[in-house]
Structure formats: structure tokens, C-alpha cells
Amino acid sequence: MTDGRVDGQVDDRVVTVFRTRLRSESVAEYEQLAPEMDALARTMPGFVELKTFVADDGERLSLATFSSPETQRAWREHPVHRDAQERGRTTFYDSYDLTVCRIVHHRHFDRTR
């Protein structure tokens, strides 16, 4: 295991792991808002990537990566995102689990290079 360095540089990236289960009556409304939040996240300074996956049982997993704890915090606290978070709790989600992680080790393989 490494000490959080990639190519000799300190890796300050932060990954938010967001697991959710939608309320069945809110799926259509959620699916209208989700692309807006995705687009907004991509405009944030320090944004690295955002990917969302849906499992066969309906659980959703979003992985949002930002370049530092500060840029992740700015996304978390963005007023439009804060409003969406509140709607998530009151309208969209039956449950969610949110974990914020720092990169401890990173390795990449790409056969095309």
C-alpha cells in the first residue's frame, strides 16, 4: 500500500460513495432532477468525475470524485445541491448511505497505452 501518492505527488482526491433506494412514487421526479445535479456537479471547481450505477434490485450507487476535501465540501454546501439534498430526504429516498473517502492507494491499468 502507498502513502496517498500517485507518481510522487500527494493525492488529495476525495470520493463520495452515495448508495440510495428511491421511493417508488418519486422515481419520475427524481429522474428529472438527477441530470440537473449531475450537470451542476461537473461545473464545480475540483470536479474529477461522477458515475452512477443502478443494481438489479433498484439500489443506486453514485461515486463522485473531487480533487480535494475543500472542493468536495464546496459541492456538498452548494445552495442548489443543498436544496436537492433536502428534497432527497423529504421526497425521493426510502434510504441512503453516504460515505466520504480519501484516496489511500490508486493504481491504473489501460491496455490501449
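**Entry 1: Arg60 and Glu31**

I began with the side chains of Arg60 and Glu31, which are joined by a polar contact of 3.4 Å. I keep in mind that this is a predicted model. Arg60 belongs to strand 5, which covers residues 60–66. Is Arg60 buried or exposed? I looked up its relative accessibility and found 14%, so Arg60 counts as buried, the cut-off being under 20%.

Next I asked which residues Arg60 is in contact with, leaving aside its neighbours within four places in sequence. My list reads Phe18, Arg19, Thr20, Leu22, Tyr30, Glu31, Phe53 and Val54. Glu31, the polar partner, turns up there too.

**Entry 2: helix 1**

I then turned to helix 1, residues 27–43. I noted 17 residues and a reach of 25 Å from the first C-alpha to the last. That is close to the 24 Å expected at 1.5 Å a residue.

Which residues of helix 1 are buried? I wrote down Tyr30, Leu33, Met37, Leu40 and Ala41. Tyr30 was already on my page as a contact of Arg60.

I also wanted to know what covers these buried residues. The cover includes three strands that I met in sequence order: strand 3 (14–22), strand 4 (47–54) and strand 5. Helix 2 (69–77), helix 3 (79–92) and strand 6 (93–102) are also included.

**Entry 3: Glu29, also on helix 1**

I stayed on helix 1 for Glu29. Glu29 has a relative accessible area of 33%, so I put it down as partly exposed. Not counting residues up to four places away in sequence, Glu29 touches Arg87, Thr91 and Phe92. I checked Phe92 further: it is 63 residues from Glu29 along the chain, yet their C-alpha atoms are separated by 8.0 Å.

**Entry 4: Lys51**

My next stop was Lys51, in strand 4. Its relative accessibility is 44%, so Lys51 counts as partly exposed. Which residues does Lys51 touch, not counting those up to four places away in sequence? I found Leu61, Ser62 and Leu63. I also looked up the separation between the C-alpha atoms of Lys51 and Asp38, and it is 9.0 Å. The two are 13 residues apart along the chain.

**Entry 5: Gln72**

I moved on to helix 2, where Gln72 is found. With a relative accessible area of 8%, Gln72 is buried. Leaving aside its neighbours within four places in sequence, I list Val14, Thr16, Phe66 and Val100 as its contacts.

**Entry 6: stepping back to the whole chain**

Finally, I looked at the protein chain as a whole. How many helices and strands does the secondary structure come to? I counted three helices and six strands, and along the sequence they follow the pattern β-β-β-α-β-β-α-α-β. The C-alpha atoms fill a box of roughly 50 × 30 × 25 Å along the principal axes.

Of the 113 residues, buried ones make up 32%. The chain exposes about 7,800 Å², and carbon and sulfur atoms supply 50% of that area.

I looked up the contacts between residues at least 6 apart in sequence, and 74% of them join residues at least 24 apart. The pair of Glu29 and Phe92 on my earlier page, 63 residues apart, is one example of such a contact.

My last note is on charge: I found 17 positive and 20 negative side chains, and the centres of the two sets lie 4 Å apart.

How values were computed: Residues numbered from 1 in each chain as written. Predicted model: local features only at pLDDT ≥ 70, side-chain atom pairs only at ≥ 80, totals over all residues. Heavy atoms only, no water. Helix = DSSP H or I, 4+ residues; strand = E, 2+ residues; numbered from the N terminus. Buried < 20%, exposed > 50% of the residue type's maximum accessible area, 1.4 Å probe, protein only. Contact = heavy atoms within 4.5 Å. Areas by Shrake-Rupley, 256 points an atom, 1.4 Å probe, with all protein chains shown as cover. Lys, Arg positive; Asp, Glu negative; His and termini not counted. Charge placed at Lys NZ, Arg CZ, Asp CG, Glu CD. Polar contact = N/O pair within 3.5 Å; in protein donor to acceptor, adjacent residues only side chain to side chain. Expected span 1.5 Å × (residues − 1).
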